[in-house]
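Let's take a walk through this one together, from the whole chain down to a single residue. Keep the 3D view open as you read.

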Amino acid sequence: MPIANPLTIESTTCDLSRTGLNVDDLKRSFVDNLFYVLGKFPALATKNDYYQALAATVRDRLLQRWINSAATYTEQGSRTVCYLSAEFLMGPHLGNNLINLGIYDETKQAMTELGLNFDELLEQEEEPGLGNGGLGRLAACYLDSLTTLEIPTLGYGIRYEFGIFNQDIKDGWQIELTDKWLRSGNPWEIPRPEWAVPVKIGGHTERYSDNQGNKKVRWVPYQILNGIPYDTPILGYQTNTANTLRLWTAQAPESFDFDAFNSGDYLGAVHEKVFSENISKVLYPNDDGSQGKLLRLTQQIFFVSCSLQDMIRILAQQDIPIEKFYEKFAIQLNDTHPAIAVAELMRLLIDDHEIPWDTAWNITQRSLSYTNHTLLPEALERWPIHLFAQILPRHLEIIYEINVRFLDEVRLRFPDDEARLSRMSLIDESGDRFVRMAHLACVGSHAINGVAALHTELLQQDVLKDFYEMYPSKFSNKTNGVTPRRFMVLSNLPLAKLITEKIGSHWVKNLQDLRQLEAYVDDADFRERWRRIKLDRKQDLAVYIQNNYGLTVDPTSLFDIQAKRIHEYKRQHLNALHIVSLYNRIKANPDIEITPRTFLFGGKAAPGYYMAKLIIKFINSIGDVVNRDPDVRGRLKVLFLKNYNVKFAQRVYPAADLSEQISTAGKEASGTGNMKFAMNGALTIGTLDGANVEIREEVGAENFFLFGLTAQEVYEKRAAGYNPRDYYESDPTLKLAIDRIASGYFSHGDTEVFRPLLDLLLNHDPFFVLADYAAYIECQNQVGLAYQDEERWTRMSILNAARMGKFSSDRSIQDYCDEIWKVDPVPVELSGYC
């Protein structure tokens, strides 16, 4: 892949050539980086070399903003948001940084003039799979918005060597492959070994008296890990601000034992290195066994302790007394994974810095706030006491003390209510004893929020009801949002340009401006251009599917897409039952009039979650039959898109006609895929669950396909004794679908492979699939009819996108800033280095 002669590129001043944004400066900088950073010239350079050179070119421009931002924050001692999250699913950096710098088109032109394929360079980037789904992607959107809003921010997490697994499909089953995202290096990060911190693990505690006779506790650890920070600059959209994502990797203080090696114990010589590095080796180890639980808890204390110690280092660097910790930092706990921060911050304050308990507790509570992301009881982490004591003996003592004081408060507020004391205790005393991490987060934080109006309501009424009654002022709702920079501008540039042509570019930073598009709903030319862009995106995806799967799909068919983590409550199997029912209609009457559809699924199942993996097999087996049956005549196509990630999502969202948001009401906290699909003009079929409720309120009931039980109806039906078999026996369409599956029709005659799934549905159905089946089928019939009316569908599509302003992560973050963090923007002025 040759490039133009770099010697013909006109040089500019050192400041501009290093950080300039015009085409010539970008070309000069690119060639300099190829030569002087990578040590390559065109005859030897690979595609990855060119990508790395381009990444270095863009990073130079980020660093100018990053260094100026850090200098400004340090000089002003700015109040800083610290976002603690076990996941940061950032997605590829290159394209997003080009959009935020405002040089996407200039960079494409520069690469073209150098004889390079810009799109191939974008594809070359390995996606850092440092998250499992919505939780990590939300954290990434929030970093984007925090920086765009010029809020000083540090994102803290773990630099997993191996991220979320790469997914392959073999014989219809999910296969997990190692995600080696670092194999070619990561040009966006900068290691900071000078800021390494020690983290204690295991051991025991000792009581002693200091020279003044004060009672003290000393933690004598079994092992000490070193946490090494790696920094990645996060750029805001058209702003000088660049914040920091700081991820920690674990290392042994001594990585090689010469004595062990010399005595012939070659494995023992590197034991400490192997043990330590395992801590940051993989995202979410399988914690079915005790060793997995130990590793997961160790991961949590590792990144939390590293992060809190780093904040204390910053205080010292800026000459801010530790008593003002809460004035400097607003710490957000992204779900329960970082909840150990309550006990760790107390330990650091009372043990290491000798702060009195009451003062330390005041600092801790005023520093921390907690976002709950789930209504599923199994996702509210609990740790067995014996395991917790093994890893964190000092923290357990501190939690016991917090609990004693807290329960005394509960007694004063609710006297003679022993049942309430038992429910609210930080320690679950029923059966095997556990530490309740969500309870710890609630008690140790000054603010608690849900992530959608319905979710927050259900937290207050059910999951955290006792804590809401105890601390009603702590609770608030902060409905999730997503960044339009990645999920509209970068993902769907033609649509973004059409919108900008009509209403200007301010909408990218103020998504409520999309409302102005309503003025064009009756403009026939605008509707035609809108349809053309959607069809182009569908054709792009169809070409990808043809090239990668050998399956021909019709771009004019209804693209019906469900792309999200595979879980029973998200009900991909309800979608699959609809496909079987449509197929059965065709088999009964091959000449039936039916709206052509392409059903696309994407998402990963947790490696240890058998039923989710069986659902993937179920979908693939249906596709194998439907796609090759001549009676179908191409009117239905079914495909499971493997290894769904952020990069691939950017291809899928713009191509969707229908977004499947069909979780059991009362189970989805919010959902953010629903927002990304709708921003790109997809219509939603969904239940009144999570943020679907608010999306429907915004876009209008007439532009949303609603079906299914409400959360209250689910509760009542369960309380009354739900019998799913009644629905099977009374609905001939449902019975035919299930019987055909049970017969082995979709499994080469094997009647056993899907028996666990069918038995669960018929005998238990914990997520009310059969109860919602008939309503879902009828709603899908309405979808098919609506799609046949091209003009009506286009109007609905435009209005869905136009009314999504509420769901920008900028709005979410502004709510956090105003109501929880109490933090203001800090503008940054750029200065050069020459």
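**A strand with several partners**

Start with strand S6, which covers residues 197-201: five bridges tie S6 to S9, and the two run antiparallel. If you want one pair to look for, find Lys200, whose bridge partner in S9 is Ile224. Keep in mind as you look around that this is a predicted model.

Strand S9 itself spans residues 223-235, and it is mostly covered, with eleven of its 13 residues buried. S6 has company along S9, too. Strand S5, residues 190-191, is joined to S9 by two bridges, again running antiparallel. Here the pair to spot is Ile190 with Asp231, its bridge partner in S9.

Then there's strand S10, made of residues 242-251, which pairs with S9 in the antiparallel sense over ten bridges. Along that pairing, Ile228 sits opposite Thr249 in S10. S9 and S10 make a hairpin, with six residues between them. Have a look at Gln238 in that turn: its phi is positive, at about 50 degrees. While you have these strands on screen, it helps to know that side chains in a regular strand alternate between the two faces of the sheet.

Just before S5 there's a loop worth a stop. Pro187 lies in this loop, between strand S4 (173-177) and S5. Is Pro187 buried or exposed? With a relative accessible area of 13%, Pro187 is buried, because the cut-off for buried is under 20%. What does Pro187 touch, leaving aside residues up to four places away in sequence? Its contacts are Tyr51, Gln52, Ala55 and Arg59. His93 is another residue to find from here: it is 94 residues from Pro187 in sequence, yet the two C-alpha atoms are 9.8 Å apart in space.

Now move along to another part of the chain. Six strands form an open sheet with parallel pairing, and the order across it is S20-S19-S18-S21-S22-S23. At the edges stand S20 (636-641) and S23 (705-706); each has a single partner strand, so one side of each is left without a neighbour in the sheet. Strand S19, residues 597-602, pairs with S20 in the parallel sense over six bridges. Within that pairing, Leu600 has Leu639 of S20 as its bridge partner.

There's also an open sheet of three strands, this one with antiparallel pairing and the order S13-S15-S14. Its edge strands are S13 (382-384) and S14 (427-428), each pairing on one side only. S14 and S15 (residues 434-436) pair over two bridges in the antiparallel sense, and Ile427 has Val435 in S15 as its bridge partner.

Finally, zoom out. The chain has 35 helices and 23 strands. Its radius of gyration is 28 Å, close to the 28 Å that the globule rule gives for 834 residues, so the chain is as compact as a globular protein of that length. The C-alpha atoms fill a box of roughly 90 × 80 × 65 Å along the principal axes. Of the 834 residues, 60% count as buried.

Links across the sequence show up in the contacts as well: among those between residues at least 6 apart in sequence, 76% join residues at least 24 apart. On the outside, the accessible surface comes to about 31,600 Å², and 50% of that belongs to carbon and sulfur atoms. As for charge, the chain has 88 positive and 110 negative charges, and their mean positions are 1 Å apart.

How values were computed
Residues numbered from 1 in each chain as written. Predicted model: local features only at pLDDT ≥ 70, side-chain atom pairs only at ≥ 80, totals over all residues. Heavy atoms only, no water. Helix = DSSP H or I, 4+ residues; strand = E, 2+ residues; numbered from the N terminus. Rg over C-alpha atoms; globule rule 2.2 N^0.38 Å. Buried < 20%, exposed > 50% of the residue type's maximum accessible area, 1.4 Å probe, protein only. Contact = heavy atoms within 4.5 Å. Areas by Shrake-Rupley, 256 points an atom, 1.4 Å probe, with all protein chains shown as cover. Lys, Arg positive; Asp, Glu negative; His and termini not counted. Charge placed at Lys NZ, Arg CZ, Asp CG, Glu CD. Pairing = 2+ DSSP bridges.
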